[in-house]
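Let's take a walk through this protein together, beginning with the whole fold and ending at a single side chain. Have the model open beside you as you read.

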Amino acid sequence: RAWAAGPPMAHVRTLAALDIGSGVSKLVVARVDTELWKLHTEAPASLEPERAATAAVSSPQLPGVILHSEEVQLLLAHDLKQQEALAAASAPADAVGLSPEMCGQAEATVGRFLETARSWGATAVRGIATEVFRRASNGPRLLERFRALGAPMSIISQQQEGLLGYLTAREALRCCPGCAVRPPSTPAPELLVWDVGGASFQIVGRLGKGDLQVYEGPLGASIATAMLVQDVQGKDFAHTHSPNPVATHQAKDLVRKVQRALPECPAWLSGALDAAASTTGVQVVGIGGETCVFRIAALALG
């Protein structure tokens, strides 16, 4: 499409955001109105025609320019679990870090993200890191290496991670192409957002008119895979590429082990789940890419 080139505005900037997750790392470059802190509706006039063709309006309901978006699989949680398995096999260790190889891959990924962001004209970059960086002994040191490249990073808490996921899911339901958009007169359903990452999960919602609550735990896709390999199949996770094939009795055994490892379900979540099962006023949303609960169900159903 041809972008309209309005008058220059000092408060409209091209910014980049990084999300270095436990299984997938993401980059988004966008035009942002820093007075309203909303996506701007025009691409920069200096954008080359071929790049203008790839920039996208975020949604018809909430127009804004996403210049570039990408994600890369970076199995940080898987690597950390393997390092923990190696450490346990040799000698007890108080703290275990990511392998040098994985640190190098992560640094290279962030470096490439920065080059891409700058090529799109980003004047500032900020990033967040999640569960693996909260657990790995060398997580803070790796973040310092990211900062030295030019990517200021912060480790957010699991509660912050859950709340960001909730706000993202709520906005996606309201704005994303392909999502059902409510008529203005329709009451908004209560949301229950289930975010599954590589090393942790968060379920966020509320019961009635109460504040948002976060149910969280250190169980993600890579952690569950390690439990399957080590605790169910009796194999060495440090040297096992995949648990497949998985027998039915092994899958059932894993479910029982995960259930025992979960934190106790709080009263607000029990109430919200009961409401979701009995009414149409509660909407359950799963996020987390390939590990999203609904994505896994879709794969199982073919």
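Residues 24 or more positions apart make up 65% of the protein's contacts with a separation of 6 or more. Please keep in mind that this is a predicted model. Its secondary structure amounts to 10 helices and 11 strands, and 40% of the 302 residues count as buried. The accessible surface is about 16300 Å², with 57% of that belonging to carbon and sulfur atoms.

Two of the helices make a friendly pair to look at side by side. In the table, the expected span uses 1.5 Å a residue, and the end distance is taken between the end C-alpha atoms.

| Helix | Residues in helix | Expected span | End C-alpha distance |
|---|---|---|---|
| α3 | 20 residues | 28 Å | 29 Å |
| α2 | 15 residues | 21 Å | 21 Å |

For α3, the expected and actual spans agree, and they agree for α2 as well.

Now to the surroundings of α2. Its buried residues are Leu76, Ala77, His78, Asp79, Leu80, Lys81, Gln82, Gln83, Ala85 and Ala87. The elements covering them include β1, α3, α4 (131–135) and α7 (221–232).

Helix α3 has a buried set of its own: Met102, Cys103, Ala106, Thr109, Val110, Gly111, Phe113, Leu114, Thr116 and Ala117. These residues pack against strands β1 (12–20), β2 (24–33), β5 (65–73) and β6 (124–129), and against helices α2 (76–90) and α5 (139–149). Just after α3, Gly121 adopts a positive phi of about 90 degrees.

How do α3 and α5 pack, in angle and in distance between axes? The angle is about 25 degrees, and the axes lie 10 Å apart. Because angles under 35 degrees count as roughly parallel, α3 is roughly parallel to α5. On the α3 side, the contact is made by Cys103, Gly104, Ala106, Glu107, Val110, Gly111, Leu114 and Arg118, while α5 contributes Leu142, Arg145, Phe146 and Leu149. The crossing of these two helices is right-handed.

Finally, zoom in on Thr116, which sits in helix α3 (residues 100–119). Is Thr116 buried or exposed? Its relative accessibility is 14%, and since buried means under 20%, Thr116 counts as buried. Apart from neighbours within four places in sequence, Thr116 is in contact with Leu27, His68 and Glu70.

Key
Residues numbered from 1 in each chain as written. Predicted model: local features only at pLDDT ≥ 70, side-chain atom pairs only at ≥ 80, totals over all residues. Heavy atoms only, no water. Helix = DSSP H or I, 4+ residues; strand = E, 2+ residues; numbered from the N terminus. Buried < 20%, exposed > 50% of the residue type's maximum accessible area, 1.4 Å probe, protein only. Contact = heavy atoms within 4.5 Å. Expected span 1.5 Å × (residues − 1). Areas by Shrake-Rupley, 256 points an atom, 1.4 Å probe, with all protein chains shown as cover. Axes fitted to C-alpha atoms, helices over the stretch in contact; angles between N-to-C directions. Parallel < 35°, antiparallel > 145°, perpendicular 65-115°, else oblique. Left-handed = near helix turned anticlockwise from the far one by under 90°.
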